[in-house]
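Student: Could we go through this structure together, one step at a time?
Tutor: Gladly. Keep the picture open while we talk.
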Amino acid sequence: MAERRGTAVGRSHSWGDQRLSLLSAVGTALTDREVMQHALDQAVSELGGLAGLVHWSCGPAGSRTLRLVLASGLPLPALGDWEEIRQDESPPAPARAVRDGRFVWLPAASGEAAGVGEVPGPGKAAGPGKAAGPGEAAGPGKTARTASGSLPAATTVASVPLTGPDGPVGALSVLTGPREPTPEQAAFLEAVGRWAERRLSRSGAGVGDCDAHPWWQQRPGGSVVQQSLDAVKTGSWEWGIHTGEMRWDRAGLTLLGLPGGYERRIESWLNLIHPEDMPRVMAATEKSLRERSGYEAEYRVRRPDGTTGWVQSRARLELDANGEPVRMLGKVWDTTESRMARESVGQALRYMSDAFFAVNRDGRITFLNVEAERLVGPAGEVLGRPLWEGPAGTVPELEDRCRRAASDGRPTGFDIQWPTDGRWYHIRLVSVPDGLTAYLTDVTEGRTEAARRAEAERVGIEQAARIRELTSALADAVTTQDVVEVVAEHVLPPFGASGLLIEILEGGRLHLGGAVGYPSVFLRMVDGISAFEGFRPINDVLDSRLPYFISSVEEYEELFPDLVGRPALSRKKAWAVLPMIASGAAIGVCIVSFAEPRQFSGDERTLLTALTGMVAQAIAWARLYDAEHARAQALQRGLLPRALPTPAALTAAVRYLPASSGTDIGGDWYDVIPLSAERVALVIGDVMGHGLAEAATMGRLRTAVHTLAHLELPPEEILAHLNEVVSDMGDDSYATCLYAVYDPVSGCCSLARAGHPPPLIVRPDGSVECLDPTPDPPLGAAEPPFATVDLQLPDGSLLVLYTDGLVESAARDIDTGIAECAQVLTSEYGRLLTCPPPRPRMSGRSARSEHGVDRLDRLCDLLVGVMLPAKLLTTDDTALLIARLHGLATGNTAEWTLPEDPVAAGLARTHVREQLRAWGLDELVTTTELLASELVANVVRHARGPTRLRLIRGESLICEVSDGSATTPRIRRAAETDEGGRGLQLVSALSQRWGTRYTAEGKCIWTEQPVAWSGAPP
């Protein structure tokens, strides 16, 4: 719409410029009246107005009135209310333009916008709160009715002042419809006013007595320009519908050849109309009166002097207050010459050599020339009938194309075969205002050659497009399987092939690189055969590097009689065996096969051979990628844990997904590390970057974490040591890490983060909690100390740890990804998997079950499937670790405070003996008594209190002795003469494993002994 409007404005501006140029070209031979008349006509035409007016100041200064001195476009009776206007309180547009000295457009004389049908005339504005009714305009001192010569409803006025030496002396106005003039039209009207001022100033026109023979009373100059203007034979007329009176202006009388004293009745006009045209004229008149619409007709007139000519007439109705037509105002002009020109064109169309016909908007035939009658039918039989009822209705898609051309408005052309004579025609459809025209040119003779050229061009274009598509797809193929899929998609369908085999030569043997459309039995037979063991088609191709084209089973068996039966097994009946050559070496063969016999044309053989060269290059690159990717994956698997430990405190499931693009390995890792007192450490980290250096850094950090974890250091200290390790590697080395320790006895989980995404915690009721997403800086950029968070997690809670590859990508930020992860966990299926399985808390043996592991595995698959869809290419590795936490059941721990004197060892033995018998562990009483006695005695001799003894029954029996000293006990080799120093040797010999960990109060020495279960725990 904006483009059309812009075009319309530009066109209007162009016409305005042309009109101004025409005004400037008017010579001095014209009188001022003729000049002003010409300017007025141009203004009315440019604004699309009904009439033009020029008012001039008359009377003494201070009491000026404006008198109508020049008009065009409407008969004078219709302008009676504008003969004299005064500048009162609400002056009409001409008076206001003179008063204000500027352009004025007023829908009403009062200056207030009036709606359609509310246009008071110039003499008097409608009273307050009351507008003139439809078809009414307030005249001077009275209400002017449409029937008495006022203007039609919804008339507005655009006026510009005409200025003399002492100020405005008049106004030039155009009567228009209700639409406001565009800025371009207003500018044109002002330009016409300025031009008229300059022209009048040269002749000395100014304010004066309107009756003193001023410029508007001058006689015509008879110049060449004026004669040219008079040559435009246009007249005006007015018909009183109720009275039958019909008035013509001077030009109209001249055009119709009527004498000045003719009877002013409508019968005088009807008597001039040619009898053959009378029905058409009367039908147009009746339609206008019936529909209250405009009138238009072209007809012949027979003048009184005996001459005949064509005229065209247009008019508009004026309605009374009840909406009934009372008067018709119109114009008439001579169309004899244009009619003769049209008839000449019609004659040329009718007898031209090409067929031509026209249809209206309903598809009915309105014109046929002689050649078109031969194709469509005789004009007398088909004119007025739908085109599609004849032979044209059997032409495929002709009707749809014709309707589309008529609606689009754009010319179109195409070839059709006409059913009546079987010949080919090029038809060109052109949309016209009343319908559609069609030109048909016989192109049968040249169509055969053109078709051959077009077919060759089409084949060439298709082949070029096919090669472009294949080249683009092969450029995106990464693995050998990708190449096979690309060939199957872009090569097999255009040739109608049904099978594809890619055999790759490695170490003197052919290996199946990929296949499509073959039975599995056949594929097992051809995979891994020696390149020199009797498979002659492939051997011959590899030796000669020339393709084999085998058109049928018979030809195959004739060429290779020792391979009879092989085609039946492969279910193929034609083959193209093509060598794959890359970098001058034969790397294998590509076999394109067909389900039916096929004769290969020369073009097909050439194209298949060329395409195979492209496939060979892609296979060579894909093999390098496959080898590099396999090595990278093997290294990645070697750096990650082969199997996770299964501590009693938790059940874990993990997933690791390498990046789906590129061969570089990443630095993501995870770990589960059992600690003392049934505690367990969970670790997940990510070395920033990809490559061997990052993988090596990941391996070093994983080893360092294991070492530091076995020293029983708290999470913040472990991260501080790891920060030193990463900082020593260089300024461009960074890593993120999350380290958590879960204690099943207290249910407390302590964790610290260095630049790592926060964990998600799923409580047994299904609620999901995410920690503060702002961590400490990553390792290599942090400044210790690191913050530690202590969480109290109930039995059955889930701890979800992950790297940023799961939640962050180019399409979403990390916060959005974490929120999506939480939504998956709280979804209906997610809650089913996060819900703890029905089982008791761990009680002296592993609470882990296959049912629980299966749930966690499915939960891992759910998260990965939703967050990382299979078709989404990622550039980052992803590690995911989900752990179900199992608290230690009540009654499986016992703790005592011991005095700081030698009797403490005896008390320790007593407590151990009584508790183990209560737990049913009588077989461990003697050993545990000895271990507790040695540990307590060591505290009494070498440390300080307070001293505490704790027993924990889990998968093993744990005996702990704590004191307030930070000294570290060490095993030393005692000599035969030493009286002491053998206590820790005894502890090491009697326990499965032992160690020391430091606490906030001092240290704790612990031992573990295996527990032999004979039944369910108590």
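Tutor: Start with a helix in this predicted model. Helix α24 covers residues 814–826 and lies across β29, β30 and β32.

Student: At about what angle does helix α24 run to β29?
Tutor: Find β29 at residues 760–762, one of the strands that α24 lies across. Then compare the directions of helix and strand. The angle is about 15 degrees.

Student: Which are the edge strands of the open sheet?
Tutor: The sheet has five strands, with antiparallel pairing. Their order is β24-β33-β32-β29-β30. An edge strand pairs on one side only. That picks out β24 (650–657) and β30 (768–770).

Student: How many bridges join β24 to strand β33?
Tutor: Strand β33 spans residues 878–885 and runs antiparallel to β24. Leucine 650 stands opposite leucine 885 in β33. The number of bridges is eight.

Student: Which strand gives the most to the largest nonpolar core?
Tutor: That core has 53 residues. Among those with the most contacts inside it are Leu650, Trp669 and Leu722. The top contributor gives seven residues and spans 735–743. It is strand β27.

Student: Which cysteine does leucine 722 touch?
Tutor: Leave out residues up to four places away in sequence. Leucine 722 then touches Leu701, Ala704, Val705, Leu708 and Leu779, along with one cysteine. That cysteine is Cys737.

Student: How many residues are in the second, separate core?
Tutor: Look for Leu474, Val484, Ile504 and Phe549, which this core includes. It is separate from the core we just discussed. Its count is 35 residues.

Notes:
Residues are numbered from 1 along each chain as its sequence is written. This is a predicted model: local features need pLDDT of at least 70, side-chain atom pairs count only at pLDDT 80 or more; totals for chains, interfaces and linings use all residues. Side-chain values use heavy atoms; hydrogens and water are left out. A nonpolar core is a set of buried Ala, Val, Leu, Ile, Met, Phe, Trp, Tyr and Cys residues joined through side-chain atoms within 4.5 Å. Buried means under 20% relative accessible area, exposed over 50%, partly exposed in between (1.4 Å probe, protein chains only). Helices (H or I, at least four residues) and strands (E, at least two) are DSSP runs, numbered from the N terminus. Contact means heavy atoms within 4.5 Å. Two strands pair if DSSP finds at least two bridges between them. Axes are lines fitted to C-alpha atoms, for helices over the stretch in contact, and angles run from 0 to 180 degrees between N-to-C directions.
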